[in-house]
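The following exercises concern the sheet and the helices of a single protein chain. Please inspect the sequence and the structure before reading each solution.

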Amino acid sequence: TLVTLAVDVTGSVQDFEDQLRELIVMSVEACKKSPHRDNLLLRVITFSSRFDRGVEEIHGFKLLNEIDVANYPQLYAGGYTPLCDALYSSIGAMNKFGEELSARNYGVNGICIAVTDGAENDSIATRAMVREETAKSITGETLESMITILVGVNATQYKTVLEAFRKEVDITQYLDAGEATPGKIAKLAAFVSQSVSSQAQAHGTGGPSQNIAAT
């Protein structure tokens, strides 16, 4: 199972950038406890208009036992929100790597979790490009299944906009995670781990996992 965690580091997250780093660390540590951990490959990226094509990679696909979260950098917020770029990079990289693994006779599925506090406002990639890349995961027979989850943190005011965006680009699920408090961040990390484990468990069934409840 290929996993991508994409985290917003735009200007509006400046007040809780430390909590977002903690979310990444806690999510990875939780995934390391999954019974499917030996079959997971994780990529972590951040996104902001400050980066080339809107995305900066913390690391590419790695086995969990190769990841030392102590080496994860401090996050620095700034710029606008290239949400389409983040999703296009996330799904596109899973499609490309999934194709390579499939050619080596590995069965592959994928899950992308993108965390943001705001709406799309500065991408090179279009909504149509994201939609096409998502469709390619399945219609191109690259992956057995693909789950995409959009998570809003401190984004209640954008709930309607993000839910509409979810439908436009065929994202599987939208979750409003509420405020970036320590308790909410811990619950969100558990949600990430559960979602990843559920998708890994669904591997070989011919379909995606079921949505995990936010609670």
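**Exercise 1: The sheet**

In this predicted model, an open sheet of six strands follows the order β3-β2-β1-β4-β5-β6, with mixed pairing. Identify the edge strands and the sense in which β1 and β4 pair.

Solution.
1. Strands β3 (55–63) and β6 (173–176) each pair on one side only, and these are the edge strands.
2. From one strand to the next, the twist averages 15 degrees.
3. Strand β1 (residues 2–8) pairs with strand β4 (residues 110–116) in the parallel sense, over six bridges. The bridge partner of A6 is A114 in β4.

**Exercise 2: Helices across the sheet**

Determine which strands helices α1 and α5 lie across.

Solution.
1. Helix α1 (residues 17–31) lies across β1, β2 (41–47), β3 and β4, and runs at about 165 degrees to β1.
2. Helix α5 (residues 182–202) lies across β1, β4, β5 (146–152) and β6, and runs at about 160 degrees to β4.

**Exercise 3: Helix α3**

Check the span of α3 (residues 127–139), then locate its buried and exposed residues.

Solution.
1. At 1.5 Å a residue, the 13 residues of α3 should span 18 Å; the end C-alpha atoms are 18 Å apart, which agrees.
2. The residues V130, E133, T134 and S137 of α3 are buried, that is, under 20% relative accessible area.
3. These residues cover an arc of only 95 degrees around the axis, and therefore lie on the same side of α3.
4. An α-helix has 3.6 residues a turn, so residues three or four places apart point the same way.
5. On the other side of α3, E132 and T139 are exposed.
6. The buried residues of α3 pack against α2 (83–103) and β5.

Conventions
Residues are numbered from 1 along each chain as its sequence is written. This is a predicted model: local features need pLDDT of at least 70, side-chain atom pairs count only at pLDDT 80 or more; totals for chains, interfaces and linings use all residues. Side-chain values use heavy atoms; hydrogens and water are left out. Two strands pair if DSSP finds at least two bridges between them. Helices (H or I, at least four residues) and strands (E, at least two) are DSSP runs, numbered from the N terminus. Axes are lines fitted to C-alpha atoms, for helices over the stretch in contact, and angles run from 0 to 180 degrees between N-to-C directions. Contact means heavy atoms within 4.5 Å. The expected span of a helix is 1.5 Å times one less than its number of residues. Buried means under 20% relative accessible area, exposed over 50%, partly exposed in between (1.4 Å probe, protein chains only). The arc is that of the directions from the helix axis to the C-beta atoms.
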